[in-house]
Amino acid sequence: MALLLAAACAAMAPPACAAGKPAAAQQVALAAVASGDNGAAPFAVIDKKGARLFVFDKDARLLATSPVLLGAAKGDDSVPGIGTRAMKDIRPEERTTPAGRFVTEPGVNAAGEDVVWIDYDAAVSMHRVRTANKSERRLERLASPSIEDNRISYGCVNVPARFYDQQVKPLFGNRKGLVYVLPETTTVEHRFSFMDPNQKP
């Protein structure tokens, strides 16, 4: 595992890798493959701290990466029952993107838009960025070099439309998939058992 991590930067492009060390997304990807957790299938990693989505092949080689918009509130858990509540009733501090290992499913939301469900019960999905509310400046937020302004959604992961159509939909839009959402208030070891440093691949 150590050798794999040391070599990982060769396949990564900034900002996925910095200071000669694999980023958290690559570390989790390599550990998932080494442990067999990904089931020998392509998968995605969402780094909430970096507000980025990474798509990997079955061997943890980076295929593509993109900035994303995330839940406005920091936190790693969804409020129980939030998926059944009207959006107008969801308080600002409850608008979190949950962390963990999720088996995704393709589907359609209430507006008839095709999405990739991350957590159906919590109504959290990956979908094309929504631009209907111009005051939210979602496209500008995606283009901004700042990470802080990428926190705007109710919990869903907003992806640039082209990236969604070219990378997300082909892998996850027609079948079940796997997404690892990295935590921001706890450690990856706490969320992913295969990250246990004492575990032997």
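Student: P145 caught my eye, so where do I start: is P145 buried or exposed?
Tutor: Start with the relative accessible area, where buried means under 20%, exposed over 50%, and partly exposed in between (1.4 Å probe, protein chains only). P145 comes out at 83%. That value is over the cut-off, so P145 is exposed.

Student: Where does P145 lie?
Tutor: Residues are numbered from 1 along each chain as its sequence is written, and this is a predicted model, in which local features need pLDDT of at least 70, side-chain atom pairs count only at pLDDT 80 or more, and totals for chains, interfaces and linings use all residues. Side-chain values use heavy atoms, with hydrogens and water left out. Helices (H or I, at least four residues) and strands (E, at least two) are DSSP runs, numbered from the N terminus. P145 sits after α3 and before β10 (151-153), in the loop between α3 and β10.

Student: How far apart are the C-alpha atoms of P145 and P67?
Tutor: Along the chain, P145 and P67 are 78 residues apart. In space, their C-alpha atoms are separated by 9.5 Å.

Student: Let's zoom out. How many helices and strands does the protein have?
Tutor: The protein has 201 residues, and 46% of them count as buried. Its secondary structure comes to 5 helices and 12 strands.

Student: What share of the contacts with a separation of 6 or more comes from residues 24 or more positions apart?
Tutor: A contact means heavy atoms within 4.5 Å. Among contacts in the protein with a separation of 6 or more, residues 24 or more positions apart account for 60%.

Student: Now a helix. How far apart are the end C-alpha atoms of α2?
Tutor: Helix α2 runs over residues 24-35, which is 12 residues. The expected span is 1.5 Å times one less than the number of residues, so α2 should span 16 Å. The model agrees with that, since the end C-alpha atoms are apart by 16 Å.

Student: Which residues in α2 are buried, and what phi does G36 take?
Tutor: In α2, the buried residues are A25, Q26, V28, A29, L30, A31 and A32. G36 comes just after α2 and has a positive phi, of about 80°.

Student: Is A40 buried or exposed?
Tutor: A40 is found in the loop between α2 and β3 (43-47), and its phi is near 60°, a positive value in a residue other than glycine. Most residues other than glycine have a negative phi. With a relative accessible area of 58%, A40 is exposed.

Student: What relative accessibility does R137 have?
Tutor: R137 also isn't a glycine, and has a positive phi of about 50°. Its place is in the loop between β9 and α3 (138-143). R137 counts as partly exposed, because its relative accessibility is 41%.

Student: And V168 in α4: buried or exposed?
Tutor: Helix α4 covers residues 161-172, and V168 is found in it. The relative accessibility of V168 is 1%, so V168 counts as buried.

Student: Which residues does V168 touch, not counting residues up to four places away in sequence?
Tutor: One distance helps set the scene: the C-alpha atoms of V168 and H127 are separated by 8.9 Å, with their positions 41 residues apart along the chain. Leaving out residues up to four places away in sequence, V168 touches L53, V116, M126, V159, F163 and G173.
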